Amino acid sequence: MRLYLINPSNSLASIVKFKQSRWNRYRVWKPLSLMVLAGLTPAEWEISIVDENLGVPDYRAMPRPDLVGITAFTSQANRAYEVASYFRRLGVPVVMGGIHATMCLDEAIERVDSVVTGEAEGIWPQVLEDARHGSLKIRYDGGLAEMNDVPLARHDLLNGGYALGAIQTTRGCPLNCSFCSVTTFNGAKYRQRPIPDVVREFRTIREKRVLVVDDNLIGTRPEHIARAKDMFLAMAQANLRKEWIAQATINFADDEELLALAAKAGCSGVFIGFESPAPEGLLEIGKKFNLLKGRDFRASVRRIRRHNILVAGSFIIGLDIDEPGIGKRIAEAASRYGVDNLNVLFLTPLPGTRLWDQMTSQGRIALDTFPEDWKYYTLTFPVAQYKHLSLDGIIQEMMSCNRNFYSSPRIARRLCSNLWQRRKPLLSLVVTLSYKNNIPMDCRAYADLKHYWDNRHNCVKES
Ligand code: B12
Ligand code: SF4
């Protein structure tokens, strides 16, 4: 039995633009969901993982599979349906799972043979068994998995072409920020994998550098932090010789022992969601957590950096409180906090989030021809009506933000400081160059979007 597991591409996402800028090669990360599914698949299946991010293969030249499994974030949904349609025309059954199919079940059900909602661990063997007997059901629901059931991902199935390996150690987040799908999809309960499983899986990863995909590696409560410390200690003792980056909330900075253990375990960088430079912005999106204990962001970032860990800061542009000038404000806040890299995204109503419900009820979703328009839901395009910013206005703010933070003098200053303090200057430079080189590409993409947006609105007026 031959199984293809496919990760569809989106030509508008920067991770696939490594031909235009070689620095984007460092953004191409392994699709962990498919490696986990492969880990759940019995040995009688011959599995190929196809990652279209590395290039779309000629499916006609490939042997006909018995079953196709497709994953998709919302931004990949469009392409997922194209691939599904190709295989279904050949009579090959197609199963779709992942976040988009879960949030847009009705849409997916119309376009594939079977949809698996939720996490796959508890249900995938059943799906395969049914497929073998030609009795696939239209819908399966995996719900939330037991973390003991998360298998070792099949890292061996994807070789070459990747700068980073990937691993997951926890799922779920209690914070439920309005724009984020994680609490809806993975639940509010913070669930942790057994530490020996994590260490064992780390050993099977070939890449020297690894992305720990957890949404919040350390969690929010004292018992979460204690588990994170135990895990870092076990990783350090296992002498894994890996450098890894992860996502965490700003409370990562609050515990010196935690930071020291993380660094010892191989942590080289952390991605932190600051989201807004204004307390009212944090209240608007429901991320009050960042405001607790009268936090001093600059001091927090400094404490993390002292452990030789780089900090990438993420912000959102387009909140209801954001007015003209927000781009410069974000760039200045990020520079003041002292982050090494800045990642700014447009506020995007993703299906299944509280923001989606709010913007839908207010009639503010501007790009709403689905599934076609999902390709713009990469968070790097404005897709909604923003309260104080027009389409041109919000694009200008984004460009002014990036040009300000990634201006040559600011880059030189950060590089000198990292060189002086021997804090991974090369790694921070590579990431910086990836962001900087994408600025002209982004400008072209915005011009295309404006053209599309204008045509759409003219059509609506005429009809
Ligand atoms: C790692 C990650 C990335 C990596 C992706 C690496 C890769 N190639 O996969 C990078 C950094 C590149 C990335 C990019 C983006 N990401 Co991202 N990312 C994540 C993150 C943190 C973890 C994903 C992961 O690996 N999880 C571990 C695996 C094991 O879990 P899983 O994917 O959910 O898979 C399980 C189930 O869903 C199911 N399943 C999944 N696929 C399939 C398929 C079949 C057939 C079946 C049966 C089951 C099944 O089974 C799996 C095991 O239980 C998630 C948050 C999260 N918690 O999921 C956000 C997340 C998926 N990303 C998100 C977004 C928005 C993006 C971007 C659009 C924007 C951005 N700039 O971040 C881009 C999109 C790029 C693109 N290609 O279009 C959103 C997606 C929401 C949505 N509705 O689409 C999430 C949920 C975060 C959020 N804040 O809401 N991301
Ligand atoms: S943005 Fe981060 S902190 Fe907020 S709900 Fe999502 S994963 Fe949790």
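## Two parallel sheets, their helices and the enclosed spaces

Strand 5 (residues 114–117) and strand 6 are joined by 3 bridges and pair in the parallel sense. Within this pairing, Val116 has Tyr140 of strand 6 as its bridge partner. The model described here is a predicted one.

Strands 5 and 6 belong to an open sheet of 6 strands, arranged in the order 2-1-3-4-5-6 with parallel pairing. At its edges stand strand 2 (46–51) and strand 6 (139–141), each of which pairs on one side only. From one strand to the next, the twist of this sheet averages 20 degrees.

Two helices may be described together with this sheet. Helix 1 (residues 32–40) lies across strand 1 (2–7), strand 2 and strand 3 (67–71), and runs at about 160 degrees to strand 1. Helix 2 (residues 77–89) also packs on the sheet, where it touches strand 1, strand 3 and strand 4 (94–97). The direction of helix 2 makes about 160 degrees with that of strand 4.

A further open sheet is formed by 6 strands in the order 7-10-11-12-13-14, and here too the pairing is parallel. Strand 7 (165–167) and strand 14 (341–346) each have a single partner strand, so one side of each is left without a neighbour in the sheet. The twist in this case averages 25 degrees from one strand to the next.

Inside this sheet, strand 11 (residues 243–248) and strand 12 (residues 267–275) run parallel and are joined by 5 bridges. Gln247 stands opposite Phe271 of strand 12. Helix 11 (residues 297–305) packs on the sheet and touches strand 12 and strand 13 (310–317), its direction making about 165 degrees with that of strand 12. Helix 7 (residues 195–204) lies across strand 7, strand 10 (209–212) and strand 11, and runs at about 170 degrees to strand 7.

The angles between these helices and their reference strands are listed below.

| Helix | Reference strand | Angle |
|---|---|---|
| Helix 1 (residues 32–40) | Strand 1 (2–7) | about 160 degrees |
| Helix 2 (residues 77–89) | Strand 4 (94–97) | about 160 degrees |
| Helix 7 (residues 195–204) | Strand 7 | about 170 degrees |
| Helix 11 (residues 297–305) | Strand 12 | about 165 degrees |

Helix 11 also takes part in a pocket. The second largest pocket holds about 390 Å³ of space. Its lining consists of 15 residues, and those nearest the centre are Arg298, Arg305, Ser335, Gly338 and Ser417. Two or more lining residues come from each of helix 11, helix 12 (326–337) and helix 15 (408–420). By class, the lining of the second largest pocket divides into 8 charged, 4 polar and 3 nonpolar residues.

Helix 15 recurs in the lining of a cavity. Across the whole structure, a search finds 3 cavities of 30 Å³ or more. The largest cavity contains about 60 Å³ of space and is lined by Asp340, Ile411, Arg414, Leu415, Asn418, Ser428, Leu429 and Thr432. Helix 15 and helix 16 (425–462) each supply at least two of these residues, and helix 15 gives the largest share, with 4 residues. The lining of the largest cavity comprises 3 nonpolar, 3 polar and 2 charged residues.

The surroundings of ligand 2 are made up of Cys173, Leu175, Asn176, Cys177, Phe179, Cys180, Thr183, Asp215 and Lys287. This shell has 5 nonpolar, 2 polar and 2 charged residues. Asn176, one of the residues around ligand 2, is placed in the loop between strand 8 (170–171) and helix 6 (182–186). The phi angle of Asn176 is near 50 degrees, a positive value in a residue other than glycine.

A further backbone feature concerns a proline. The peptide bond from Phe370 to Pro371 is cis, and its omega is near 5 degrees. Pro371 is found in the loop between helix 13 (354–361) and helix 14 (391–405).

Terms used:
Residues are numbered from 1 along each chain as its sequence is written. Chains are lettered from A and ligands numbered from 1 in the order in which they are written. This is a predicted model: local features need pLDDT of at least 70, side-chain atom pairs count only at pLDDT 80 or more; totals for chains, interfaces and linings use all residues. Side-chain values use heavy atoms; hydrogens and water are left out. A residue is near a molecule or strand if one of its heavy atoms lies within 4 Å of it. Ala, Val, Leu, Ile, Met, Phe, Trp, Tyr, Cys and Pro count as nonpolar, Asp, Glu, Lys and Arg as charged, and the others, Gly among them, as polar. Two strands pair if DSSP finds at least two bridges between them. Axes are lines fitted to C-alpha atoms, for helices over the stretch in contact, and angles run from 0 to 180 degrees between N-to-C directions. Contact means heavy atoms within 4.5 Å. On a 1 Å grid over the protein atoms alone, a cavity is a set of points where a 1.4 Å probe fits but cannot get out, and a pocket is an open set with protein on both sides within 12 Å along at least five of seven lines; lining residues have an atom within 4 Å of a point. Grid points are joined across faces, edges and corners, and a volume is the space filled by probe spheres set on the points.
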